[in-house]
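Visitor: I should like to go through this model by way of questions. Please show me the sequence and the structure.

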Amino acid sequence: KNCQERWQLLADFEGGLERKEIQLYLQFFVDAHSYRVVGGEALSRWNHPVRGLLMPDHYVPLLEKEGRIENLDFYGMEKVCVFLEGLEQQEIHDFFISCNFSRRTLASYDFTQRFTQILQNHTFPRKLLILEVTESEWIDPEESEQMLRNIMAVRDLGVRVIFDDFGIGFS
């Protein structure tokens, strides 16, 4: 039964993206001195039509294992860029958002091209987008080298890069 549920989630995933069942929620960052909200981390939640609201631990590991996490990562980035562009249009210039990317996505050879394409479609200060590398999956040394090249390319675009929960997984 567990296996059938996992396969059904995989089958539902792409349609879920198209139907906008995957939503981003912001976990705010608050400045400790001023108590002002200064940014946030975009976290995905799947409002599944049958299973209800699913937390990432129900679908992210499955997407990573099956090599389909890139679609979620770039979907999230697109949504974050739209949000940051909206803030810029409202003349809010100092609110940053971190967007999660799996190590597997970041190690892909077409990562920089896809990342750049999305970024070029939106106007906002690049320093307000933070790429947050998640530490959920092991990658081999060749992939690590590609990941480093991709991180450097992202930084050259003016986007900051940070590591989420560094040291608790596969660092």
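Visitor: In which strand is the place of Leu-26?

Guide: Leu-26 has its place in a strand, where strands (E, at least two residues) and helices (H or I, at least four) are DSSP runs numbered from the N terminus. The model is a predicted one, in which local features need pLDDT of at least 70 and side-chain atom pairs count only at pLDDT 80 or more, while totals for chains, interfaces and linings use all residues. Residues are numbered from 1 along each chain as its sequence is written, and side-chain values use heavy atoms, with hydrogens and water left out. The element that holds Leu-26 is strand 1.

Visitor: Is Leu-26 buried, partly exposed or exposed?

Guide: Buried means under 20% relative accessible area, exposed means over 50%, and partly exposed lies in between (1.4 Å probe, protein chains only). Leu-26 has a relative accessible area of 30%, so the residue is partly exposed.

Visitor: Which strand gives the largest share of the nonpolar patch?

Guide: The patch covers about 600 Å² and is made by Leu-26, Phe-28, Val-30, Tyr-35, Val-37 and Phe-83. Patches are made of residues with over 30% relative accessible area and no salt bridge, with nonpolar side chains (Val, Leu, Ile, Met, Phe, Trp, Tyr) joined within 5 Å and like charges within 9 Å. A salt bridge is a side-chain nitrogen of Lys or Arg within 4 Å of a carboxyl oxygen of Asp or Glu. The largest share, three residues, comes from strand 1 (residues 22-30).

Visitor: What is the phi of Tyr-35?

Guide: Tyr-35 is found in the loop between strand 1 and strand 2, and its relative accessible area of 68% makes the residue exposed. Most residues other than glycine have a negative phi. Tyr-35 is not a glycine, yet its phi is positive, at about 60°.

Visitor: Why is Leu-17 classed as buried?

Guide: Leu-17 is found in helix 1 (residues 2-18). Leu-17 touches Ile-22, Asn-71 and Tyr-75, not counting residues up to four places away in sequence; contact means heavy atoms within 4.5 Å. Leu-17 is buried because its relative accessible area is 12%.

Visitor: Which helix gives the most to the largest nonpolar core?

Guide: A nonpolar core is a set of buried Ala, Val, Leu, Ile, Met, Phe, Trp, Tyr and Cys residues joined through side-chain atoms within 4.5 Å. The largest one has 30 residues, and Met-77, Phe-115, Leu-129 and Leu-131 have the most contacts inside it. Strand 2 (37-48), helix 3 (69-89), strand 4 (96-101), helix 5 (111-120), strand 5 (129-133) and helix 6 (141-156) each supply at least two residues of this core. With six residues, the element that gives the most is helix 3.

Visitor: How many residues are in the second, separate core?

Guide: This core includes Phe-13, Ile-22, Tyr-59 and Tyr-75. Its size is 14 residues.

Visitor: How many residues of strand 5 are buried?

Guide: Leu-129, Leu-131 and Val-133 are buried on one side of strand 5, and Ile-130 and Glu-132 are buried on the other. The number of buried residues in strand 5 is thus five of five.

Visitor: Which residue in strand 6 stands opposite Val-133?

Guide: Two strands pair if DSSP finds at least two bridges between them. Strand 4 and strand 5 pair in the parallel sense over five bridges, with Glu-132 as the bridge partner of Asn-100. Strand 5 and strand 6 (residues 160-163) pair in the parallel sense over four bridges. Opposite Val-133 in strand 6 stands Phe-163.

Note on methods:
Areas by Shrake-Rupley, 256 points an atom, 1.4 Å probe, with all protein chains shown as cover.
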